[in-house]
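Welcome! Here is a short briefing to help you find your way around a new structure. Take a look at it first, and then read on.

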Amino acid sequence: MPMSAQGVPGLDIACFTAGTRIRTKRGAVPVERLREGDLIARLDGSMAPMVWLGKRTIRSATHLNPDEVTPIRVRVGAFGREMPSRDLLLSPEHAVYVDGVLVPVRMLVDDEKILRERIDFLRYFHVLLERHAVIFAEDMPVESYLDTGRNGGFDNWQDVPLRTVFAEPCMPYVTPGPLLDGILAMMREMSATA
C-alpha cells in the first residue's frame, strides 16, 4: 500500500485475487461472489455487513513497476497448521494479522512459504466494511479494505459509497524494526519445526 499523506497505508489496488474464499455467515464464499450486505466474519467473533466490493483488472507485464502489483502467494500452513487453509494470493501491500499488528505481506516474503507469483493478467477484489477490520481469507486473518478515499483506480470506482470521514486502521501497521524482526524470527522458527 502506498503511504497516504497521513502516513497511513493507502490502497491503489484491491487486495484479493479472484477465487479467494472469504469467511461469511453463509460459509466460505469466493470473493468475487460476495454481495452488498453479506455478513463478513471478523477476528473479534462478530459479523459485519459488506458495503462495497472493489474490483480492478491488472496486467502486470505492462505495469511500470510489476512488483507493486504481482501477487504474493502464502502457501498452506505458512502461519501454522492450516493457516491459510488453501494457498492465498494477496497484493503485495495487503496486510496480514500477526501478533496484534498488521504486516504488509511483502515484508514476509521468504521465497519458500511466502513468495512472489508471476501472473500477467489478474483481477483483484477488496472487501469494504463500515469500519476497517481483520477478516478471514482462506482461514487466515487479514485486513479488510482501508478506505482512504483513493478509490479512482478501481474498475467500479463510481459505485463506492460516499463518505465524509474515511477509515482509521483498526490496529497498527508494523514498520521495519525490532517488532518486524521478531515476527520474521518467529516465522523462521515455525518453518524449522514444521
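The chain holds one helix and 13 strands. Along the sequence, the order of these elements is β-β-β-β-β-β-β-β-β-β-β-β-β-α, so you can follow the strands first and finish at the helix. Keep in mind that this is a predicted model.

**Confidence**
- Averaged over the chain, pLDDT is 84, with 81% of the residues at 70 or more.
- Residues 1-12 call for some care, as their pLDDT stays under 50. For this stretch the model has 32 contacts beyond four places in sequence.

**Inside and outside**
- Of the 194 residues in the chain, 46% are buried.
- The exposed surface of the chain comes to about 9600 Å², and 52% of it is supplied by carbon and sulfur atoms.
- Among contacts with a separation of 6 or more, 64% are between residues 24 or more positions apart.

**Nonpolar cores**
- In soluble globular proteins, nonpolar side chains tend to be buried together.
- The largest nonpolar core here has 35 residues. Within this core, Phe-79, Val-96, Val-103 and Val-127 touch the most other members.
- Which residues does Phe-79 touch, leaving aside those up to four places away in sequence? They are Val-74, Val-96, Val-98, Leu-108, Ile-114, Met-140, Met-187 and Met-190.
- There is also a second, separate core of six residues, and its members include Ala-95, Val-134, Met-171 and Tyr-173.

Methods:
Residues numbered from 1 in each chain as written. Predicted model: local features only at pLDDT ≥ 70, side-chain atom pairs only at ≥ 80, totals over all residues. Heavy atoms only, no water. Core = buried A, V, L, I, M, F, W, Y, C linked by side-chain atoms within 4.5 Å. Buried < 20%, exposed > 50% of the residue type's maximum accessible area, 1.4 Å probe, protein only. Contact = heavy atoms within 4.5 Å. Helix = DSSP H or I, 4+ residues; strand = E, 2+ residues; numbered from the N terminus. Areas by Shrake-Rupley, 256 points an atom, 1.4 Å probe, with all protein chains shown as cover. pLDDT = per-residue confidence, 0-100.
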